[in-house]
Amino acid sequence: MIDDVVDLAIVGAGPAGMAAAVTACELGLSVAVFDEQAAPGGQIYRNAENASNASRSLRQALGPDYLSGADQIRAFRACGARYHPRTRVWDVPEEGALAIVDDNGARLVRTKRILVASGAMERPVPLPGWTLPGVMGVGAAQTLLKIEGLVPDEPYIIAGGGPLTLLTAVQLTRLARPPKALLLTERVNDYLHAVGYLPDALRSFPLLTKGLKWLRELKRCGVPVVRGIEDLRAEGEARVERIHWRRGGQPASMDTGLLLLHHGVTPAFELAAVAGCETVWDAEQAAWLPKADRWGATTSGGVAVAGDAGGIAGAAAAALTGSLSGLDAACALGRIDRTERDRRAIPLESRLVRERRIRPFLDALYRPPLDWRRPPDDDTIVCRCESVIAGEIRAAARLGCTGPNQIKSFTRCGMGPCQGRMCAFAVAELIAEQTHADPGQVGHHRIRPPVKPVTVAELASLAGIERLAGRRSGLLKGGGT
Amino acid sequence: MMNSRDAAYVVIGGGLVGTALGYGLARLGHSVILLDEGDRALRASRGNFGLVWVQGKGLHKPEYAALSRRSADLWPGFAAELKEVTGIDVGHERRGGAMIASSEAELEGFVTMLEQIRSEAGDTPYDYEVLDHRGLEKLVPGLGPQIPGGTFSPYDGHVDPLCTLRALHDGFSVRHGKYVPNCAVTAIHPGESGFRLETAKGPVMADRVVIAAGLASADLAPMVGLNAPVRPVHGQLLITERAPRRLEIPTNIIRQVQNGGFQIGLSHEDLGFTTETRAALMRDIACNAVRALPYLGDLRVLRTWGALRIMTPDGFPIYAESARHPGVYVMTCHSGVTLAAAHALEAATWIAADGLPDEARPFSGERFDVQAA
Amino acid sequence: MFKRLETVSQDVVIIVNGAPVPARKGANLAATLLENGVMPFRFHDISAQPRAPYCMIGKCFDCLILVDGRSNTQGCMTAVRDGMRVDTQRPCKDREA
């Protein structure tokens, strides 16, 4: 039970959260880590702790990067941080406080510093029929593989763009069966656009050659790899049965009961937002990130961000930014001085530069095409929770709704359980389309607590309020709702 | 884009008050421009509870009690009109409403207040029922055992406030009103025949101006010799996930909205919001909710919602026309939902007439020295 | 739709739409249901359209299902327990209060 004021409260136990905990503990900080999962590893290393029990073929398919997660988890478990699994953090009600809920109920935790290391989620890709059962994210298939060793037992298709499409195709090919097809949106234009970043990318040569090797492996297995696809749509009654697309103007289709979609991952910044952190639109990543400095410090006092939650850069970079934020926390709390912090940061930052080098190339090459960001078909569901279609959002934007909050008021888009996670991008893009702005100017809807499910009864018995400083919450800064 | 006399009327403020007035004026056949701020503006209308409420209104101000009652009576026809004009069903229901008392003392307070309002109403009927626990539970099934009782008024109802705002916007458009968002007004200059407004999108000229800008009215009103001493009073709402319908009538603290979620909130008078932290507010609201309706405990809270009331010093509306510059009005209230029908169907005619009629006089704001020196 | 690569000891039984299904204690409920071909998880509250897991990490809220009588339970964030009752969730207006 957390009753004392902890030095550093970390949200998330993926590579960033774990590295931050290890670094902070090494420097003498008291650390608490809150994780909604049952075991450390986040999503990328999910269940990596148990990987040694898996068969050799599964371990081989999951790969050395994933397996190395087990070492990180071991180090984390031994570092002295208090680990709170199956705990959801749903609000940052004031500086130095976290609102959490677990099987024992909801309570407030006091802390001197907060690190949001809540990772990322797959970019939602609103296409016609994407809500049909049997249409899932490629990441979902990865999760099923990691946590339960589940693989498709029927023909499946992978569609979209980004390295995870290739990786998943190869893994499932080795473990179960090759995909019926690999449909990629990338076109010559994307390569041309990315080529400017190639010199940097080439210095990450091993990564690039890995991708090419995977493609060759898939081709050898007879997987049709189709590039430049457009107008992808899924159809079916009780579940997906068939998909259609176009390529070079020519229509094509294929039967399938399982469609795995992917077009990159985006930061899960909700908690940072309710903590009052300013967010910015990153045009390269086509995503919102919390505004942060080199240490991950955000615009909100005492709140830092690390890992993919602060910008997508992968697991290795996540561990580095986690360590950097641990150093900064230790410095802020007087355990080390600035010189010492900066000295320790040098090797981390130089490795970080190397890890980040390939990002602009990947971001440019795998940028989701316009029709995957802005559904052309008005009947496409944009808000999955409330079943609001693109046409309704376009109509509201034409009526004069200039931003996502008004769209929400007028269409209910964003009012369901996911609270806008699945629709925020499409809403910004559709408003941008109708108002000739860009999504960064349009912005995202106002994110309000609770950012994780908590019941009325749990709220009613919220414990620990008396331990708060009682500062005014600043609730209505910049907006009434 | 904007040149000499852009419209007969400019309404400043695209919330429930401004849009209802704009709709009402357009409905009368006038040319109307509705100027609104941007997406992130302090929008009281987004945080509204949605009650069309008569019970308890107008203590010591029988004209306000009567106005609320009149508006509630106009609402069914108004909702039907909006449906016909825009196709949007704003979900208006009028089956009465209940006030749930959390303690005997609170119940006594309700009764005293209602008795007083009734006596101030004179000959006009003012019906309500005082209910004990059993009586209230018939109306509010699943009522918590600690609740002593409450009061019921047949005049009360509720509506979806966001749908209403949407329908008003649509209706305004259908009636040829011109809506201009992202167009904050920075100054109003009275001229020889009409007014010139400075806005974020350039000057706008109109014969008459209606200031219905919520909190911003306080700054704009003095420019034309009016005073609108409004201040923000914050409140919190919790919205829960959808649940099967259990609560058929709205109450003062909880109502089940059209889509099935429960909206839970408390009036600012009860909690002294301005000094509480967010966490304490949420806990207190949740606590009261579970006390009133224990079955709410299992429902997940999707979101907390900041409600903003635009409060005048006495809580009653200000409907005033500038004496120094006739043709410019300030219209503000905190019950934008209840009064939407009266605003659209009645108050609009006041503005369109030559000088505000007698019915508007009690709200003229002379009570605050509304006319600046 | 999905199958296990390796057999695991199924030490508990859950009741899915009235029928007993062997499962592993502590397993991910959504994964267990997918493995057993349970599709869809629910019919959407508003559109009544069939829905099933999409993201599997608790963000999409489409894997909502009735667990031990509790609606809107995220299957992908729930661990299997012995005797757990799981039922396809019907649209809100068709559910009992």
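Q: What makes a space count as one of the 9 cavities of 30 Å³ or more in this structure?
A: Happy to explain: on a 1 Å grid over the protein atoms alone, a cavity is a set of points where a 1.4 Å probe fits but cannot get out. The structure, a predicted model, holds 9 such spaces of 30 Å³ or more. Local features need pLDDT of at least 70 and side-chain atom pairs count only at pLDDT 80 or more, while totals for linings use all residues; residues are numbered from 1 along each chain.

Q: How do you know how much space lies in the largest cavity?
A: Grid points are joined across faces, edges and corners, and a volume is the space filled by probe spheres set on the points. For the largest cavity that gives about 140 Å³.

Q: What makes a residue part of the lining of the largest cavity, and which are the closest to its centre?
A: A lining residue has an atom within 4 Å of a point. Of the 14 that line the largest cavity, Phe269(A), Glu270(A), Gly420(A), Arg421(A) and Ala424(A) are the closest to its centre.

Q: Why is Gly420(A), in the lining of the second largest cavity, counted as polar or nonpolar?
A: Gly420(A) counts as polar because Ala, Val, Leu, Ile, Met, Phe, Trp, Tyr, Cys and Pro are nonpolar, Asp, Glu, Lys and Arg are charged, and the others, Gly among them, are polar. By these classes, the lining of the second largest cavity has 6 nonpolar, 5 polar and 1 charged residues. About 70 Å³ of space lies in that cavity.

Technical notes: Chains are lettered from A and ligands numbered from 1 in the order in which they are written. Side-chain values use heavy atoms; hydrogens and water are left out. On a 1 Å grid over the protein atoms alone, a cavity is a set of points where a 1.4 Å probe fits but cannot get out, and a pocket is an open set with protein on both sides within 12 Å along at least five of seven lines; lining residues have an atom within 4 Å of a point.
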